[in-house]
Amino acid sequence: MHDERDIARRILVVDDTESIHNDFRAVLMEPCIDTTALDTAEAAIFGHAASPSKTRTRNRYDLDCVFQGKKALKRVRQALCEKRPYQLAFVDMRMPPGWDGLKTIEEIWRVDPDIQVVICTAHSDYSWDAIVSRLGNSDKLLILKKPFDNVEVEQLAGALTKKWQLARAVEARLNELEQVVSERTQELETTNRQLTREVTERRTAEERFRSFVENVNDIIFCLSVEGGFTYVSPKWPAVLGHEMAEVLGHPLLRFVHQDDVGPCKQMLQAITETGRKEEGLELRMLHRDGDWRWCTLSAAPLKDSAGEVTAIVGIAHDTTRRRQANEELQRTQQELQQILSAATPLCVIDTNYDIRMLNDTFCSLFGLSLGEATGKKCYELMDFSKCHTPQCPIRNVMEAPRVCQYEVSRQNENGEETVCLATATPYFNMDYSAVIGVVVNFVDITARKQAEKEIAEANRKLEQANRELKEMQSQVVQNEKLASIGQLAAGVAHEMNTPVGFVASNFQTLQSYMSKFLKLFELYESLTKAVEDGDRDSRLEYMHEINQSREKMKIDFILGDLEELFSESKEGLERVTDIIQNLRDFSRVDQSEDCHKYDLNEGIKTTLTVARNELKYDVDIDLELSDLPQIACHSGQINQVFLNILVNAAQAIKSQERGEKGHVKIRTHATETHVVCEITDDGPGIPETVLSKVFDPFFTTKPPGKGTGLGLSVSYDIVVTKHKGELIVDSQPEKGTTFIVKLPIQGITPSKGKELPNEEENCAVCR
Amino acid sequence: MKKRTVLFVDDDERVLTSLRRGLIDEPYERLFANSGFRAVGLLLAHTVHVLVTDLRMPDMSGLELLEIAAADYPDVIPLILSGQPTLESAEASSIVQGVHRGAIFTFLAKPWDLDGQLKKAVRQALACHKTCIQEDQEPSTAPAMHT
């Protein structure tokens with residue numbers, strides 16, 4: 001207000017009369033007059049204590065005068081532009097030739113509606129009503145009747161400019177207020193929008209939380225400070241089975257297992273007292289069906305603005321299944337541990353060669369403690385020769401997932417070696433797409449190895465012994481062969497020595513005969529000469545000498561003996577030839593390894609010839625030979641069988657010392673399939689206890705040096721094994737023994753030649 | 001003068017005939033027997049100084065004969081003429097012992113060397129006979145034939 005008091009009060013005078021202009025100037029631009037009355041009035045009007053000032057001057061006005069309406073409009077516009085608007089205009093009604101007063105006012109208000117206007121008129125050109133209808137009922141319009149009083153003008157000017165200023169001040173204040181209101185409104189709107197957004201967000205959040213709270217699988221609840229449920233989430237029935245009504249309003253502790261009530265109480269108390277949340281209490285809660293469910297309880301306080309705990313919110317998580325699963329897992333692990341402990345030594349190796357699992361037996365096998373073994377690489381633990389080589393079985397099993405078995409050995413500090421059979425089995429991930437490790441199973445085979453070694457050693461020794469035995473046996477067989485050959489040779493030699501003896505003797509005798517003949521021949525020569533000479537005396541002398549010599553030299557005996565000498569010598573030679581021929585027939589020395597046609601009867605005869613010397617002093621042989629088909633066989637071997645049987649018979653009879661010859665009967669006959677030879681003696685027979693052993697190798701009843709015990713065993717081999725025949729013995733003690741040799745007529749397949757002798761030996765031994 | 005007599009025993013007649021003819025010029029009586037049994041008879045009937053016998057013979061073997069001779073005619077000097085190249089142990093040991101004891105004068109093997117061995121051996125045996133040593137007589141020229 002005080003500031004505006006200093007603003008110049010601009011007044012525009014519009015009048016076509018110059019004098020009027022001067023009048024206004026005179027009135028409004030006169031020096032100051034006492035304005036006490038005005039000040040008082042002002043104080044009364046504006047309500048504040050008047051501050052009377054004796055020095056106060058009259059209002060000074062900035063007065064402009066124009067003659068025409070248009071000019072006035074121009075001035076108003078200009079003033080507005082200069083921000084020095086006119087506050088009051090005095091407008092003459094009539095201003096020929098230009099606009100009249102009304103028109104001018106209309107135009108001015110159009111530009112500056114705030115301007116206060118006083119119409120100056122000498123006569124009433126327009127009625128008030130007409131003016132009002134033209135200009136509206138405005139409080140800014142006053143009418144001044146001409147001729148006007150100076151004071152009136154001055155007061156008008158003062159009042160109206162004051163009014164303008166006040167109006168202006170009011171307007172400014174209004175604008176200011178409006179501004180404030182507008183700003184405030186804007187602020188409110190912003191806040192409002194924010195609130196709306198927040199509300200929306202909260203609503204969304206709330207929705208979300210509600211959904212969360214209602215849909216989470218855990219029970220979310222709210223407790224009063226007294227511990228009763230004020231809210232439970234709808235999962236309660238699903239988890240614990242109760243209806244909501246059975247829960248709400250009831251205390252939490254009512255649903256808690258007796259043993260867990262204490263901790264639960266403590267928890268709630270702690271929350272209330274400390275105002276902090278508590279977490280993870282494991283307790284059992286009652287299910288409606290009477291079971292107890294394990295839950296994990298967490299709870300937090302709700303506080304009012306004063307920080308007082310007003311409620312408790314909590315969440316209960318059903319851990320029964322987890323607990324069961326956990327228990328199951330523990331049980332499984334415990335089982336696994338037990339199984340592992342009981343199992344053979346094993347370890348589990350992963351793809352990094354780390355030992356992931358091992359059992360007690362593994363540790364004791366390798367002399368390790370569990371601590372030493374865990375967390376090691378397999379090759380640190382089992383430093384086997386194959387480690388770090390392409391032969392590493394673990395690596396191989398992982399690369400080609402197959403079960404692999406190998407032997408490993410390890411020495412302890414005492415140098416004792418442990419040998420194990422390791423079985424490496426790959427194990428896979430869940431879908432069997434990759435090998436994630438190897439289970440290696442060990443079996444201690446040290447003892448077995450040792451046993452194997454011992455067995456091998458024993459075996460080697462046995463084989464050695466066997467070889468030696470075989471050698472010995474073959475030697476014995478060879479000896480037997482040699483013995484029988486020797487025996488045979490002895491017999492044969494005796495048979496031959498005798499004829500050779502007397503033939504040789506005869507030959508020597510023949511020589512002496514010849515010398516005697518030569519002597520006699522000389523005498524006859526001399527006699528012939530004497531006859532030719534006609535010397536009678538000497539003729540008679542020679543005759544006498546011849547006769548004497550003839551008698552002395554037993555010439556007559558010789559002449560008579562010569563024929564006998566030759567025939568006997570010839571017989572001796574024939575006997576030797578015969579023996580040699582028979583010997584060849586018997587042994588078939590020339591082709592003994594081959595199979596050929598054989599007449600059993602002839603074989604028997606040959607054998608008898610050869611054995612004659614062995615037999616003839618002890619037994620008489622009766623032959624009862626039937627016609628037989630020829631068979632294919634090894635004749636030498638078969639003859640040996642007969643020889644063995646016959647010689648045995650002769651020896652048995654001889655052993656009886658009965659003082660007379662025994663009898664051996666040889667019968668042959670043929671069946672459809674076999675040729676059969678029965679050799680029966682009337683010897684001592686074979687005791688029943690011995691009968692079963694007669695074919696055993698080295699079995700003999702003869703005194704030492706008399707037999708090898710192989711004869712019948714070799715015979716059995718020849719007949720049964722080599723010729724697929726039968727050799728049967730039948731004996732009655734004190735009555736005699738019968739051997740029956742049956743040979744298949746079909747014979748045997750041609751021999752394999754050179755291998756036979758060896759085979760013969762082996763078979764003879766092995767029987 | 002006492003005749004000196006040698007008895008030859010062999011179961012093979014051919015041996016005996018060959019000896020008979022081979023020894024026709026020998027200065028002693030020769031007796032021949034084709035079995036032990038006959039030999040025992042001849043020993044009984046004749047004074048025999050030397051006995052030459054085979055070993056393997058039926059009924060009575062050479063050893064049996066030698067035992068009888070040794071028992072009943074201890075003065076008879078025994079010789080063996082055998083074709084057996086090997087002797088069974090029992091026989092062998094008794095023969096070898098006999099030879100060593102002097103109970104058997106010598107062992108002649110068949111085939112024999114008539115002139116080189118047999119004749120000499122028989123003559124040596126006869127020379128060893130105590131009666132022959134005592135009565136140093138001429139050999140008889142007439143052979144005695146016994147069969």
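Buried area, as I use it here, is the accessible area that two parts lose on being put together, summed over both. Keep that in mind for the interface. One caution before we start: this is a predicted model.

Let's go straight to the two chains. Between chain B and chain A, about 2400 Å² is buried. Carbon and sulfur atoms give 49% of that area. Who supplies chain B's share? Look at three arginines: B:Arg14, B:Arg21 and B:Arg56. Together they supply 31% of the area that chain B buries against chain A. No other three residues of chain B supply more.

Now the residue counts. On the chain B side, 27 residues are in contact. They meet 29 residues of chain A.

Next, the polar side of this interface. There are seven salt bridges between chain B and chain A. One pairs A:Glu571 with B:Arg14. Their closest N and O atoms are 2.6 Å apart. So B:Arg14 comes up twice: in this salt bridge, and among the three arginines I just named. Polar contacts across the interface come to 14 residue pairs.

Which helices of chain B each supply at least two residues of the side that touches chain A? Helix 1, residues 13-22, and helix 5, residues 114-128. Helix 1 gives the most, with six residues.

Over to chain A by itself. Chain A has 767 residues, and 39% of them are buried. Its secondary structure comes to 22 helices and 22 strands. Its accessible surface is about 44300 Å². Carbon and sulfur atoms account for 52% of that surface. On contacts, take the pairs at least 6 apart in sequence: 63% of them join residues at least 24 apart.

Two spots in chain A to look at. First spot: A:Thr423, in strand 14, residues 417-428. Buried or exposed? A:Thr423 is buried, because its relative accessible area is 17% and the cut-off for buried is under 20%. Its side chain makes a polar contact of 3.1 Å with the side chain of A:Gln405. Leaving out residues up to four places away in sequence, A:Thr423 touches A:Val403, A:Cys404, A:Gln405, A:Val439, A:Val440 and A:Asn441.

Second spot: A:Leu177, in helix 7, residues 150-215. At 40% relative accessibility, A:Leu177 counts as partly exposed. A:Leu177 also belongs to a nonpolar surface patch with A:Val170 and A:Leu174. Together these three have about 260 Å² of accessible area.

That's the tour.

Key: Residues are numbered from 1 along each chain as its sequence is written. Chains are lettered from A and ligands numbered from 1 in the order in which they are written. This is a predicted model: local features need pLDDT of at least 70, side-chain atom pairs count only at pLDDT 80 or more; totals for chains, interfaces and linings use all residues. Side-chain values use heavy atoms; hydrogens and water are left out. Patches are made of residues with over 30% relative accessible area and no salt bridge: like charges are joined within 9 Å, nonpolar side chains (Val, Leu, Ile, Met, Phe, Trp, Tyr) within 5 Å. Accessible areas come from the Shrake-Rupley method with a 1.4 Å probe; for residues, only the protein chains shown count as cover. A salt bridge is a side-chain nitrogen of Lys or Arg within 4 Å of a carboxyl oxygen of Asp or Glu. Helices (H or I, at least four residues) and strands (E, at least two) are DSSP runs, numbered from the N terminus. Buried means under 20% relative accessible area, exposed over 50%, partly exposed in between (1.4 Å probe, protein chains only). Contact means heavy atoms within 4.5 Å. A polar contact is a pair of N or O atoms within 3.5 Å; within protein, one must be able to donate a hydrogen and the other to accept it, and residues adjacent in sequence count only if both atoms are side-chain atoms. Buried area is the accessible area (1.4 Å probe) that two parts lose on being put together, summed over both.
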